Amino acid sequence: MAQTLNDLPVSQLEAHIRKSTLLDGFTFEGQNYPALETQFEFFDEAVMNNPDNKTTRFVTILSGGDQSAIPSHYAERTIKIILSGLPIYDKLEAAAMRGLAEQLVNWLRLNPSGTDCIYGITVLNGANGPFKQESGRFSYEIDTLVGFSVN
């Protein structure tokens with residue numbers, strides 16, 4: 001069977017999160033924020049530092065553990081979600097990203113399943129951060145345990 005990016009656990013979680021519409025853009029303090037770009041499996045700060053991405057926020061979804069890329073029947077996987085703001089080292093930007101992270105945590109807790117292969121999501125510790133990246137971006141991390149049911 002040929003495998004595609006859509007088969008990866010991180011892609012399945014991203015598809016589930018997309019249902020929340022939070023990654024499609026959000027409003028904070030009356031200001032509209034555009035959609036976030038997605039990175040899978042690798043936190044690539046070089047891409048974030050590209051001058052073309054100075055006005056782009058990112059969501060990075062990283063699969064933990066040493067398990068196979070494609071989960072087997074009833075597998076659980078630790079997956080980290082990292083939300084990264086603009087590279088402007090601004091308190092309002094950090095607050096907006098924290099607000100987004102907390103909304104995503106709440107949404108995941110209320111919607112722990114709902115795709116063909118995800119049967120459960122546990123948010124392990126809420127939104128952690130802010131962490132300041134070398135680029136000046138603030139980021140927040142959400143650690144999850146995702147249960148997959150794949151035949």
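A residue is called buried when its relative accessible area is under 20%, exposed when over 50%, and partly exposed in between (1.4 Å probe, protein chains only). The model is predicted, so local features need pLDDT of at least 70 and side-chain atom pairs count only at pLDDT 80 or more, while totals for chains, interfaces and linings use all residues. Residues are numbered from 1 along each chain as its sequence is written, and side-chain values use heavy atoms, with hydrogens and water left out.

**Exercise 1. The overall picture**

Find what share of the 151 residues is buried, and trace the order of helices and strands.

Solution. Start with burial: 46% of the 151 residues are buried. Next, list the elements, taking helices (H or I, at least four residues) and strands (E, at least two) as DSSP runs numbered from the N terminus. There are three helices and seven strands, in the order α-β-β-β-α-β-β-α-β-β. Finally, look at contacts, meaning heavy atoms within 4.5 Å. Of those between residues at least 6 apart in sequence, 62% join residues at least 24 apart.

**Exercise 2. Unusual backbone**

Locate a cis peptide bond and two residues that have a positive phi although they are not glycines.

Solution. Begin with the usual case: most residues other than glycine have a negative phi, and most peptide bonds are trans. The cis bond runs from Gly 129 to Pro 130, with omega near 10 degrees, and Pro 130 lies in strand β6 (residues 118-132). Now for phi. Thr 21 has a value of about 65 degrees and sits in the loop between α1 (9-18) and β1 (25-28). Its relative accessibility is 46%, so Thr 21 counts as partly exposed. Tyr 89, with a phi of about 45 degrees, belongs to the loop between β5 (75-84) and α3 (91-110). Tyr 89 counts as exposed because its relative accessibility is 52%.

**Exercise 3. A hairpin and its neighbour**

Work out how β6 is joined to β7, then say what Leu 86 contacts.

Solution. Two strands pair if DSSP finds at least two bridges between them. Strand β6 and strand β7 (residues 138-148) run antiparallel and are joined by nine bridges; Val 123 stands opposite Thr 144 in β7. Five residues lie between the strands of this hairpin, where Gly 136 takes a positive phi near 95 degrees.

Move on to Leu 86, in the loop between β5 and α3. Leu 86 is buried because its relative accessible area is 13%. Beyond its neighbours within four places in sequence, its contacts include Gly 136, Arg 137 and Phe 138, as well as Lys 54 and Glu 93. The C-alpha atoms of Leu 86 and Arg 137 are 5.3 Å apart, although 51 residues separate them along the chain.

**Exercise 4. Two buried charged residues**

Identify the side-chain partners of Arg 77 and Glu 14.

Solution. First, set the terms. Lys and Arg count as positive and Asp and Glu as negative, with His and the chain ends not counted. A salt bridge is a side-chain nitrogen of Lys or Arg within 4 Å of a carboxyl oxygen of Asp or Glu. A polar contact is a pair of N or O atoms within 3.5 Å; within protein, one must be able to donate a hydrogen and the other to accept it, and residues adjacent in sequence count only if both atoms are side-chain atoms.

Arg 77, in strand β5, is buried without a salt bridge: Glu 41, the nearest side chain of opposite charge, is 5.7 Å away. Its side chain does make a polar contact with that of Ser 63 (3.1 Å).

Glu 14, in helix α1, is buried because its relative accessible area is 13%. Its side chain makes a polar contact with the side chain of Arg 18 (2.7 Å). Outside its neighbours within four places in sequence, Glu 14 touches Thr 38, Phe 40 and Ile 61.
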